[in-house]
Amino acid sequence: MKIIRYSPTAFTPQKQTHHIQQFEYWMSLDPKDYPKHLQYSMQKLKEEKTLFYNQYKEDLQEGLWFFIDGYKNNQSLNHLKHKVPCYEAEIPDDIMVYDCNLEKIIPLADPLVYWAGCYIPKRLCNQITNIKRRRKMKYDAKI
């Protein structure tokens with residue numbers, strides 16, 4: 001399957017500092033800090049988030065985000081502040097990836113990936129092949 005990524009580093013895996021901080025927040029969260037009617041829900045959310053993170057901690061440390069070609073979600077690029085090049089590559093159709101919310105592992109062909117992109121851990125990045133920069137600036141995005 002053809003994929004695209006907006007980044008000055010192409011398909012080089014990156015440390016996931018922001019996402020690690022989010023998981024650390026969930027681990028340190030105290031449901032008792034919330035109103036009584038929300039404490040049970042917050043405890044359940046904390047358990048789900050920390051269980052997932054602890055199960056896949058190694059994968060979630062370093063990797064990269066990408067879109068399936070033709071399904072770029074501009075909303076997912078809102079954090080970009082200046083122009084960045086767009087790169088394309090190929091990846092096996094049967095690869096399993098992390099959903100855009102880092103809540104589950106799903107097949108690359110899942111509709112959620114088409115809608116919002118996905119995350120792939122560093123250990124699977126060697127399956128990304130035929131990397132090349134798209135030539136036309138109209139594909140570039142602001143970051």
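Is Tyr-119 buried or exposed? I looked this up in the predicted model: Tyr-119 is buried, at a relative accessible area of 1%.

**Ring partners of Tyr-119.** I next examined the pair formed with Trp-65. The ring centres of Trp-65 and Tyr-119 lie 5.1 Å apart with planes at 50°, so I entered the pair as tilted. I noted that this pair joins distant parts of the chain, since Trp-65 belongs to strand E3 and Tyr-119 to strand E8 (residues 118-121), 54 residues apart. Trp-65 has 24% relative accessibility and therefore counts as partly exposed. I then traced the cluster that ring pairs build, and found Phe-52, Tyr-56, Trp-65, Tyr-98 and Tyr-119 linked in it.

**Aromatic pairs overall.** My count came to seven aromatic pairs. One of them is Tyr-25 with Trp-26, whose ring centres are 5.7 Å apart and whose planes stand at 75°, so I recorded an edge-to-face pair. Tyr-25 is partly exposed at 42% relative accessibility, whereas Trp-26 is buried at 16%.

**Helix H1.** I turned to helix H1 (residues 17-28), which has twelve residues. From first C-alpha to last, H1 reaches 16 Å, close to the 16 Å expected at 1.5 Å a residue. In H1 I listed His-19, Ile-20, Phe-23 and Trp-26 as buried. Viewed down the axis of H1, these buried residues fall within an arc of 115°, so they line one face of the helix. I set beside this the general rule that an α-helix has 3.6 residues a turn, so residues three or four places apart point the same way. Finally, I checked what covers the buried residues of H1, and the cover includes strand E2 (14-15), helix H2 (36-55), helix H3 (57-61) and strand E3 (62-68).

Key:
Residues numbered from 1 in each chain as written. Predicted model: local features only at pLDDT ≥ 70, side-chain atom pairs only at ≥ 80, totals over all residues. Heavy atoms only, no water. Helix = DSSP H or I, 4+ residues; strand = E, 2+ residues; numbered from the N terminus. Expected span 1.5 Å × (residues − 1). Buried < 20%, exposed > 50% of the residue type's maximum accessible area, 1.4 Å probe, protein only. Arc of directions from axis to C-beta. Contact = heavy atoms within 4.5 Å. Phe/Tyr/Trp six-rings, centres within 6.5 Å; stacked < 30°, edge-to-face > 60°.
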